[in-house]
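Subject: Structure handover

Hello,

Here is the structure I promised to pass on. Please open it and keep it beside you as you read.

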Amino acid sequence: PWREVNISITHLLKSDPISRILFLTVASIALLGFLQGLAPPNDYDGLMYHLSIPLYDVEVGKITVPNDTRGLQALFPGMMSNLTRFSLVFLNGEAAQLSHGIYGIAAMAGTAALVLRLGYSARTALTAALFFISIRAVVWQIGTVETDLPLSGFLVSTVLIYTVWRNTQSPGLAILFGTMIGGMILSKYIGLALALAIGPALMFDMVKSRNWRSGLIGPTISFVLILPHLMRNASLTNNPIYPLFNSVFNPNHVDSYGGIASAYGTGRDLIDLITGTWNIFIVPMQYFDGMVIGAPYLLVFAPFVFLGGKSLYKWSSVISALAIFYVIWFYYLSQQVRFLMPIMPLIAAMSAAGAFYMWERVKSFTSVKIGFVTFLVLLGLNQAMFIGVYSIIRIPAAFGMISPEKYHSNTPTMNGAFYKTCTYIRKNIKAGEVFYSALGIPSYYCPQSSVAYRQLFEEDPWFLSDGTRKKYTRQQFIKKLEKIEFRYFILMESYH
C-alpha cells in the first residue's frame with residue numbers, strides 16, 4: 001500500500017501545480033517545526049514534569065513516584081513519559097522532543113487522510129493539512145514534549161479507523177480502533193473525554209447494525225490497555241484516575257485539581273457556551289490561555305460544511321465527537337484552549353472542506369474571488385509570521401549556531417528554565433551529595449534524584465494525604481539541615 005501511496009502522490013505533484021505548491025508548503029512547515037525539536041528544551045511543562053520526572057526515573061534506575069510535588073504529575077498517564085525515558089536513556093531531551101514531534105506530523109497526515117476518506121479532492125486534503133500544521137499551538141508544540149499533539153494524532157487516527165469500521169464491521173479494525181483509544185487515554189487524561197465523545201456514534205452504529213460483538217471489541221481492547229495504569233494508581237492512591245476527582249475517591253485528602261474547571265473562560269452559562277467559539281478565536285487573550293490558535297480561519301470556514309446538504313451526513317460522526325467534547329471541555333475542564341488541540345485535526349478537516357465549498361461558489365465572480373483570495377492571503381500572512389518567529393528563535397539553537405546559554409538567556413519561558421544555575425550544580429555536585437531547591441519548577445536541567453524539592457527528604461508526600469505539611473521550629477529546622485548537609489541551596493530571587 002505504501003508503494004501505491006507513493007505513486008499516487010508522485011502523479012498528483014506532477015499533474016497538478018496547485019497541489020504541488022500546497023504539498024511543498026505543508027512539507028516545509030512540518031519539517032521546519034520538527035527540526036526545532038533539536039533546540040534545547042525550553043517549554044514550561046516540559047521543564048516542570050514532562051522531562052524532569054522521566055529524568056528522575058532514569059537517574060534512580062526505576063519508574064517510581066517522588067515524595068515531593070513532582071509525585072503529583074508522576075501519577076499521570078505515562079505512555080508518552082515512557083517514550084521520553086527511552087529517549088533520555090539513549091540520547092537526551094532533544095531526542096525526546098523529536099520523538100514527540102513525529103506525532104504532530106502523524107496528526108497532520110491523518111487530517112489529510114480523513115478528508116480524502118470522506119471523498120474530497122487532494123487539494124482539499126492538502127489544505128486541511130496546511131490548516132492544521134499552521135495552528136500556533138501546533139507550531140509551538142511540535143518541537144517540545146507536550147502531550148496535546150500526540151493526542152491529536154491518536155484522535156484523528158481513531159476517527160479515520162472508525163469511518164472505515166462503521167462500513168465494514170471488521171474485527172481487525174475494531175482492535176485497531178480500541179488500540180488508538182487506549183493510546184489516547186494513556187497519553188493524557190483528556191483522552192477519557194475524547195473516548196466519551198466518540199461513544200454515542202459508536203452506540204448508534206451498534207444499534208443500527210445490531211453487531212454488538214464487533215462494536216464492543218474496541219472498548220474492551222482500550223480498557224485492557226489502560227487497566228495497568230488504573231491498577232497502579234488505585235494501589236498507590238485509592239484513586240484509579242488520580243488526581244482527577246480525588247475528593248470522590250478520597251474525601252479527606254487534598255484535591256489538587258478540584259477547582260480547575262473555573263480557571264478560564266467567561267462563565268459556565270448557556271450564553272457562554274454558545275459564544276465560546278467566538279471568544280476562543282477572537283478574544284483568547286482576554287478570557288483564555290493566550291493566542292493558541294492564531295488567525296480565525298478555522299472559525300470562518302468550518303461552518304460552511306453545514307451548507308453541504310446531503311454531503312453533511314458523512315461528517316456526522318465528526319460533528320458528533322466535536323460537539324460532545326466541546327461541551328465536556330466547557331463544563332468540566334479548565335477551558336484552556338490548548339486542551340482543544342486534540343480535536344483540531346477534525347476542525348481543520350471541516351474548515352478545508354468549507355473553504356472549498358465557498359470557493360466553488362465565488363470563483364465565477366471576479367470581484368468576489370479577488371476578495372476571497374485576499375482574505376486567505378491576509379490570514380495566511382498572520383500565521384506565517386508566527387511560524388517565522390518561532391523558527392528564528394529555535395532553529396539557530398537547534399543547529400548549534402548559538403550556545404544553549406545564549407538561547408536560554410534570550411528565550412523567555414514562564415518562570416524561567418534556570419539553565420545556568422542547574423547546569424552549574426549538575427557539573428559540580430558529587431556522588432552522594434544533595435541540594436535543596438525552592439524553584440517554582442524542578443527544572444529538567446537540574447539533577448533530579450539528589451534534590452530535596454521544596455520539602456525535606458523525610459517528609460511524607462502531602463498530596464496523598466489531607467495536604468497538611470510538616471512544621472518545624474527554627475532550631476529543629478537548623479538541626480535537620482546540619483544533619484542532611486546540603487551542598488547547595490537554590491532560592492528564587494527573580495524570574496529569569
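Is cysteine 446 buried or exposed? Cysteine 446 is buried, because its relative accessible area is 4% and the cut-off for buried is under 20%. Bear in mind that this is a predicted model.

**The disulfide**

Start with that cysteine's partner. Cysteine 446 forms a disulfide with cysteine 422. Their sulfur atoms sit 2.0 Å apart. A disulfide is a covalent bond between the sulfur atoms of two cysteines. The count for this model is one disulfide. Where are its two ends? Cysteine 422 is in helix α22, residues 419-428. Cysteine 446 is in the loop between β1 (435-437) and β2 (451-453). The pair therefore ties together parts that are 24 residues apart in sequence. Cysteine 422 is buried too, with a relative accessible area of 0%. Look along the S-S bond as well: the angle about it is -75 degrees, and the link is left-handed.

**Salt bridges**

The count here is 13 salt bridges. Three of them are worth finding on screen.

Begin with arginine 338 and aspartate 148. Their closest N and O atoms are 2.8 Å apart. This pair links distant parts of the chain, 190 residues apart. Arginine 338 is in the loop between α18 (316-332) and α19 (344-362). Aspartate 148 is in helix α10, residues 148-168. Both ends are buried: arginine 338 has a relative accessible area of 11%, and aspartate 148 has 0%.

Next, find lysine 363 and glutamate 360. Their side chains meet in a salt bridge, at 3.0 Å from N to O. Lysine 363 is partly exposed, at 35% relative accessibility. Glutamate 360 is also partly exposed, at 42%.

Then go to glutamate 458 and lysine 470. Their closest N and O atoms are 3.3 Å apart. Both residues lie in the loop between β2 and α23 (474-484), so the salt bridge ties together parts that are 12 residues apart in sequence. Glutamate 458 counts as partly exposed, at 39% relative accessibility. Lysine 470 counts as partly exposed, at 48%.

Which residues do shared salt-bridge partners join into one network? They are Asp45, Glu146, Asp148, Lys188 and Arg338. You have already met two of these, Arg338 and Asp148, as a salt-bridged pair.

**Helices that pack on α18**

Two packed helices are described by the angle between their axes and the distance between the axes. Try this on α18 with two partners.

The first partner is α10. The axes of α10 and α18 come within 10 Å and cross at roughly 135 degrees. The two helices are therefore oblique to each other. Their crossing is right-handed. On the α10 side, look for Val159, Tyr162, Thr163 and Arg166. They meet Ser316, Ser317 and Val318 in α18.

The second partner is α15, residues 270-282. How are α15 and α18 oriented to each other? They pack at an angle of about 105 degrees, with their axes 11 Å apart. They are therefore roughly perpendicular, because that term covers angles of 65 to 115 degrees. From α15, the contact uses Leu270, Asp272, Leu273, Gly276, Thr277 and Ile280. From α18, it uses Tyr326, Trp329, Phe330 and Tyr331.

**Backbone points to check**

Most residues other than glycine have a negative phi, and most peptide bonds are trans. Look at these places with that in mind.

Which peptide bond is cis? The bond from tyrosine 242 to proline 243 is cis, with omega near 5 degrees. Proline 243 is in the loop between α13 (212-237) and α14 (246-249).

Phenylalanine 245 belongs to the loop between α13 and α14. Its phi is positive, at about 50 degrees, although it is not a glycine. Phenylalanine 245 is exposed, with a relative accessible area of 52%.

Glutamine 169 also has a positive phi, near 55 degrees. It is in the loop between α10 and α11 (171-187). Glutamine 169 is buried, at 14% relative accessibility.

Best wishes

Key: Residues are numbered from 1 along each chain as its sequence is written. This is a predicted model: local features need pLDDT of at least 70, side-chain atom pairs count only at pLDDT 80 or more; totals for chains, interfaces and linings use all residues. Side-chain values use heavy atoms; hydrogens and water are left out. A disulfide is a pair of cysteine sulfur atoms within 2.5 Å. Helices (H or I, at least four residues) and strands (E, at least two) are DSSP runs, numbered from the N terminus. Buried means under 20% relative accessible area, exposed over 50%, partly exposed in between (1.4 Å probe, protein chains only). A salt bridge is a side-chain nitrogen of Lys or Arg within 4 Å of a carboxyl oxygen of Asp or Glu. Axes are lines fitted to C-alpha atoms, for helices over the stretch in contact, and angles run from 0 to 180 degrees between N-to-C directions. Angles under 35 degrees count as roughly parallel, over 145 as roughly antiparallel, 65 to 115 as roughly perpendicular and the rest as oblique. A crossing is left-handed if the near helix is turned anticlockwise from the far one by less than a right angle, and right-handed if clockwise. Contact means heavy atoms within 4.5 Å.
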